[in-house]
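Visitor: I am new to this structure. Please take me through one helix and its surroundings in detail.

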Amino acid sequence: MGPSACGKTTLLNILSRRLKGPLVTGDQLINNESFEDETLRSMSTYVEQEDHLIGSLTVRETIEYAAKLALPAEVSAPQRRERTEDMIREFGLVSVEKSYVGTPLKRGISGGQKRRLTTASQLITLPRIIFLGNISHCIG
């Protein structure tokens, strides 16, 4: 989308309403209507550039943990398990689902796998809008 330091992350932060202030001006509309921050949060997710994963968990445990934290109480345990299975399969993580994420002291999954795991963990809620930070690690 553009070279380094050209403002891509700043634009995402403004659109996701993570960055506000007197220098941020203009109108944001969804379906041609104004909306509150809470509305945007309820229908979107932001996948950070940096991975914030717990290295002592496996890939499967990471997605299960995200599902338990992020999905509403109305989602049953079988539905959560099905959603977890879908994310593991759709993000190509089946071969490493029992592998540990890893820490600086103990090797784990690859950088590309971590990036896909971070994305899968955020998409567990099936948001309508996705703000994706640097995705270059997913491609290739």
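Guide: Here is a close look at helix 4 and the parts around it. The model is a predicted one.

Start with length. Helix 4 covers residues 77-90, 14 residues in total. At 1.5 Å a residue, it should span 20 Å. Its end C-alpha atoms are 20 Å apart, so the two values agree.

Now the sides. Thr-84, Met-87 and Ile-88 are buried in helix 4. Viewed down the helix axis, the buried residues fall within an arc of 100°, so they line one face. Their cover includes helix 3 and helix 5, the latter at residues 111-123. The face turned away from the buried side carries Glu-82 and Glu-90, both exposed.

Next, what follows the helix. Gly-92 comes after helix 4, and its phi is positive, near 65°.

Move on to helix 3, residues 59-70. A salt bridge joins Glu-97 to Arg-60, with the closest N and O atoms 2.4 Å apart. Arg-60 belongs to helix 3, while Glu-97 sits in the loop between helix 4 and helix 5, so the pair ties together parts 37 residues apart in sequence. Glu-97 has a relative accessible area of 17%, so it counts as buried. Shared partners extend the link: salt bridges join Arg-60, Glu-64, Glu-85 and Glu-97 into one network. The whole structure has seven salt bridges.

Helix 3 also holds Leu-69. Its relative accessibility is 61%, so Leu-69 counts as exposed. Together with Ile-54 and Tyr-65, Leu-69 makes a nonpolar surface patch of about 320 Å².

Definitions and conventions
Residues are numbered from 1 along each chain as its sequence is written. This is a predicted model: local features need pLDDT of at least 70, side-chain atom pairs count only at pLDDT 80 or more; totals for chains, interfaces and linings use all residues. Side-chain values use heavy atoms; hydrogens and water are left out. Patches are made of residues with over 30% relative accessible area and no salt bridge: like charges are joined within 9 Å, nonpolar side chains (Val, Leu, Ile, Met, Phe, Trp, Tyr) within 5 Å. Accessible areas come from the Shrake-Rupley method with a 1.4 Å probe; for residues, only the protein chains shown count as cover. A salt bridge is a side-chain nitrogen of Lys or Arg within 4 Å of a carboxyl oxygen of Asp or Glu. Helices (H or I, at least four residues) and strands (E, at least two) are DSSP runs, numbered from the N terminus. Buried means under 20% relative accessible area, exposed over 50%, partly exposed in between (1.4 Å probe, protein chains only). The expected span of a helix is 1.5 Å times one less than its number of residues. The arc is that of the directions from the helix axis to the C-beta atoms. Contact means heavy atoms within 4.5 Å.
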